[in-house]
Amino acid sequence: MRVSLLSFQLSIENEPYEDALVDGVHVDDPQTLAPATPVSVPRAVVRPLVNGRPVCARYLFDASALLTQRDVSGPVDLFTCTCGEPGCAGLFDDTVLEVEGPLVHWHFPEDPFRATLGENWFTSAEPLTFTFTREQYLHALAGLTVGLVANERELGEPLALSPVEDRPTEPLLERLAAWQEDFRAGAAAMSQRLDTFGPLLGEDLVATLDSNIEIRMPAWTVALTLADHRVGPTLDGRARDTAMQEVLVRDIVPSMLLSRDNVIRAARELGLLELEDWALVDFSASAVGVDLPEMEELAEPFRQASMRVVLR
Ligand SMILES: [Zn+2]
């Protein structure tokens, strides 16, 4: 295993800030109709260097994602589209950050990074993994943070960093603390989800409506929808969450884990329209060579479809 050195190249670009135009007047906030003068926003452009060489020129590096996750193992979108949506740039598989004792690895997915990482990083047989010592890695991240804050101080206004923020109003360190807080809350929710759903989290329900249409949704969202259905409409808020958690843990998940046919049975019983609310986030339907019909038109065929549960 090769251990590499991580560093960052930082530059500042001035990005035009497009405020809203309401009745011909530029406004910062369409709610208050406060007039705004056209401005440009300073944005940090960060490029990661490994052994002094750029890692990837094709995609936008998201320093905010890295500085949020730091040295916590898990998936991380190190590279993304300029709009902040990785899928928009054709990046569909996760890059994985792995902390292993004194080492930190970045594992890039084959597609599309085999073809788009800078030249000559890896031989054709090698996995796409960069390895750093944790100490040097954290030192590089701290150095980047210091550089960003120094630039922000010099500019005298908040420096945009994340590709999804256009005109930040808080200083970078405050936003970074908030992002890290959200990340920790998300990780806690994920760990609770793992406790509740276990192996169902890694499985999908696949319904084949006909040879051209396949609907795929996470098995755990089927369990969640069934819990919602069982609890009924009378409870609200926290009482509802508690009741759903109880029925999930006591009844639904054990029965689905006992037999995956119970996932299928639940999906048939609930039907597509009821599942859609919960499953929407991860809902995907692929139709090759046909226009996808409206959800309502798929509802009935969904009940009759052949279904199976597969590993994601
Ligand atoms: Zn985009």
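Okay, let's start with a loop residue. Asparagine 51 counts as exposed, because it has just 11 C-beta neighbours inside 10 Å, and the cut-off for exposed is 12 or fewer. You'll find asparagine 51 in the loop between strand 5, residues 39-50, and strand 6, residues 53-54. What flags this residue is its backbone: phi sits near 50°, so a positive value in a residue that isn't glycine. Generally speaking, most residues other than glycine have a negative phi.

Before I go on, a reminder that this is a predicted model.

There's a second one to look at in the backbone. Arginine 70 also isn't glycine and has a positive phi, near 45°. That arginine lies in the loop between helix 1, residues 63-69, and strand 8, residues 74-76. Buried, exposed or in between, then, for arginine 70? Arginine 70 has 17 C-beta neighbours inside 10 Å, so it counts as partly exposed.

Still on the backbone: which residues are joined by a cis peptide bond? That would be aspartate 111 and proline 112, with omega near 5°. Again in general, most peptide bonds are trans. Proline 112 is found in helix 2, which covers residues 110-116.

Okay, zooming out for a moment. The chain has 312 residues, and buried ones make up 24% of them. In secondary structure, we're looking at 9 helices and 16 strands. And if you take contacts between residues at least 6 apart in sequence, 60% of them join residues at least 24 apart.

Now the part I'd like to spend some time on, helix 5. Helix 5 runs over residues 219-231, so 13 residues, and reaches 19 Å from first C-alpha to last, close to the 18 Å expected at 1.5 Å a residue. Right after helix 5 comes glycine 232, with a positive phi near 80°. Which residues of helix 5 are buried? The list is Ala219, Trp220, Thr221, Val222, Ala223, Leu224, Thr225, Leu226 and Ala227.

Helix 5 has two packing partners I want to show. Take helix 7 to begin with, residues 261-270: helix 5 packs against it at an angle of about 55°, with the axes 10 Å apart. That angle makes helix 5 oblique to helix 7. The crossing of helix 5 over helix 7 is left-handed. On the helix 5 side, the contact uses Ala219, Val222, Thr225, Leu226 and His229, and on the helix 7 side Val263, Ala266, Ala267 and Leu270. By type, the residues of that contact are 7 nonpolar, 2 polar and no charged.

Then there's helix 6, residues 237-258. Helix 5 and helix 6 pack at about 125°, with axes 9 Å apart, and the pair is therefore oblique. Here the crossing is right-handed. From helix 5 you get Ala223, Leu226, Ala227, Asp228, Arg230 and Val231, meeting Arg240, Ala243, Met244, Val247, Leu248, Ile252, Val253 and Met256 in helix 6. That contact divides into 11 nonpolar, no polar and 3 charged residues.

If you're wondering about the spacing in those lists, an α-helix has 3.6 residues a turn, so residues three or four places apart point the same way.

Next, a leucine that touches this region. Leucine 275 lies in helix 8, residues 272-279. It counts as buried because it has 25 C-beta neighbours inside 10 Å. What does leucine 275 touch, leaving out residues up to four places away in sequence? Met217, Val222, Thr225, Ala267 and Leu270. Of those, methionine 217 is 58 residues away from leucine 275 in sequence and 9.1 Å away in space, C-alpha to C-alpha.

Leucine 275 pairs up with leucine 224 in a similar listing: they are 51 residues apart in sequence and 9.1 Å apart, C-alpha to C-alpha. Leucine 224 is in helix 5, and with 23 C-beta neighbours inside 10 Å it counts as buried.

One last stop, back out in a loop. Threonine 82 sits between strand 9, residues 79-80, and strand 10, residues 95-100. Having 10 C-beta neighbours inside 10 Å, threonine 82 counts as exposed. Leaving out residues up to four places away in sequence, threonine 82 touches Leu60 and Pro163. Aspartate 62 is 20 residues from threonine 82 in sequence and 9.1 Å from it in space, C-alpha to C-alpha.

That's my tour, thanks.

Conventions:
Residues are numbered from 1 along each chain as its sequence is written. This is a predicted model: local features need pLDDT of at least 70, side-chain atom pairs count only at pLDDT 80 or more; totals for chains, interfaces and linings use all residues. Helices (H or I, at least four residues) and strands (E, at least two) are DSSP runs, numbered from the N terminus. A residue is buried if 20 or more other C-beta atoms lie within 10 Å of its own, exposed if 12 or fewer, and partly exposed in between; C-beta atoms are placed from the backbone. Axes are lines fitted to C-alpha atoms, for helices over the stretch in contact, and angles run from 0 to 180 degrees between N-to-C directions. Angles under 35 degrees count as roughly parallel, over 145 as roughly antiparallel, 65 to 115 as roughly perpendicular and the rest as oblique. A crossing is left-handed if the near helix is turned anticlockwise from the far one by less than a right angle, and right-handed if clockwise. Two residues are in contact if their C-beta atoms, placed from the backbone, lie within 7 Å. Ala, Val, Leu, Ile, Met, Phe, Trp, Tyr, Cys and Pro count as nonpolar, Asp, Glu, Lys and Arg as charged, and the others, Gly among them, as polar.
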